[in-house]
Amino acid sequence: MTDPGPVPDRPLRILVVDDQALVRLGFRMVLEAEPDLQVVGEAADGAEAIRLAVETRPDVILMDVRMPTVDGIEATRRIVTANPAARIIILTTFDLDEYAFGGLRAGASGFLLKDARPSELTAAIRSVASGDAAVSGRVTRAMLELFADRLPASDATLPGADPAAALTPREREILLAMADGLTNGEIGAKLFLTESTVKTHVGRVLSKLQLRDRVHAVIFAYDNGLVER
């Protein structure tokens, strides 16, 4: 995870979604102990999460997966479709969980284990709110290799054309390096670029391909055959 950057002038607005009241209470206690974080709502299922996402306009949503009525993956998909700027972190019980990867496919910017340390939770929220991802490229690549054949293809797939045609040769190199799970520092060392230059190129790649963050850059490259499976 990269540096989440400066704390915003106002508290980050958080929506907590989990079907267990005690879990929601635990997250609320952790988050409200931080001066820059504010819980603006709680939802016990995906349907309620969709409604509250519209009503409260949170900066970040903590989304459980296994819930009644509407599960977290479908809720994530609907929320992101209605509001592409929505930032969602999937809550999961197991690392490299098929459900967590389904959440990334649906538009989430990362996932966290439910037993993550409070510092990990707050760092992930700040990172996602700043436009970064809460899961590394290497983890995303590992999840693709484990689960991609079991889940529907991403909407990013563009059959019949070069999906990265808008990129310059250097930007394509950056995209492929991200798809290999390299950090900005590692990409810079590989391509003999400064880390700030890499960061600029990453931003251009994401903008040109209309991708939410580098997690979805990895998924995009994988889905479109730009890297070997």
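Helices (H or I, at least four residues) and strands (E, at least two) are DSSP runs, numbered from the N terminus. Keep that in mind as you colour the model by secondary structure: Asp 64, one of our stops, lies in strand S3, residues 60-64.

This is a predicted model, in which local features need pLDDT of at least 70, side-chain atom pairs count only at pLDDT 80 or more, and totals for chains, interfaces and linings use all residues. Residues are numbered from 1 along each chain as its sequence is written, and side-chain values use heavy atoms, with hydrogens and water left out.

**The whole protein**

Start zoomed out. You should find 10 helices and 5 strands. Of the 229 residues, 50% are buried (buried means under 20% relative accessible area, exposed over 50%, partly exposed in between, with a 1.4 Å probe and protein chains only). The accessible surface is about 10,900 Å², and carbon and sulfur atoms supply 54% of that; these areas come from the Shrake-Rupley method with a 1.4 Å probe, and for residues only the protein chains shown count as cover. Take contacts between residues at least 6 apart in sequence: 70% of them join residues at least 24 apart. Contact here means heavy atoms within 4.5 Å.

**Stop 1: Val 17 and Asp 18**

Select Val 17, in strand S1. Its relative accessible area is 0%, so Val 17 is buried. Now measure to Asp 45: the two C-alpha atoms are 6.7 Å apart, although 28 residues separate them along the chain. Leaving aside neighbours within four places in sequence, the contacts of Val 17 include Ala 43, Ala 49, Ile 61, Met 67 and Leu 91.

Step on to Asp 18, in the loop between strand S1 (12-17) and helix H1 (21-31). Is Asp 18 buried or exposed? It counts as buried, at 0% relative accessibility. Show its side chain and you will see a polar atom 2.8 Å from the backbone nitrogen of Gln 20. Beyond four places in sequence, Asp 18 is in contact with residues including Arg 24, Ala 44, Asp 64 and Lys 114.

**Stop 2: Asp 64**

Follow that contact to Asp 64, which is buried with a relative accessible area of 5%. Which side chain does Asp 64 join in a polar contact of 3.3 Å? The partner is Lys 114. (A polar contact is a pair of N or O atoms within 3.5 Å; within protein, one must be able to donate a hydrogen and the other to accept it, and residues adjacent in sequence count only if both atoms are side-chain atoms.) Not counting residues up to four places away in sequence, Asp 64 also touches Val 17, Asp 18, Asp 19, Gly 72 and Leu 91.

**Stop 3: two unusual turns of the backbone**

Select Arg 57, in the loop between helix H2 (46-56) and S3. Arg 57 is not a glycine, yet its phi is positive, about 50°. Phe 192, also not a glycine, has a positive phi of about 60°. Look for Phe 192 in the loop between helix H8 (184-191) and helix H9 (195-209); its relative accessible area is 75%, so Phe 192 is exposed.

**Stop 4: H4 against H10**

Finish with helix H4 (residues 98-106) and helix H10 (residues 214-223), which pack at about 90° with axes 10 Å apart. That makes H4 roughly perpendicular to H10. Axes are lines fitted to C-alpha atoms, for helices over the stretch in contact, and angles run from 0 to 180 degrees between N-to-C directions; under 35 degrees counts as roughly parallel, over 145 as roughly antiparallel, 65 to 115 as roughly perpendicular and the rest as oblique. Show Phe 101, Leu 104 and Arg 105 in H4, which meet Val 215, His 216, Ile 219 and Asp 223 in H10.
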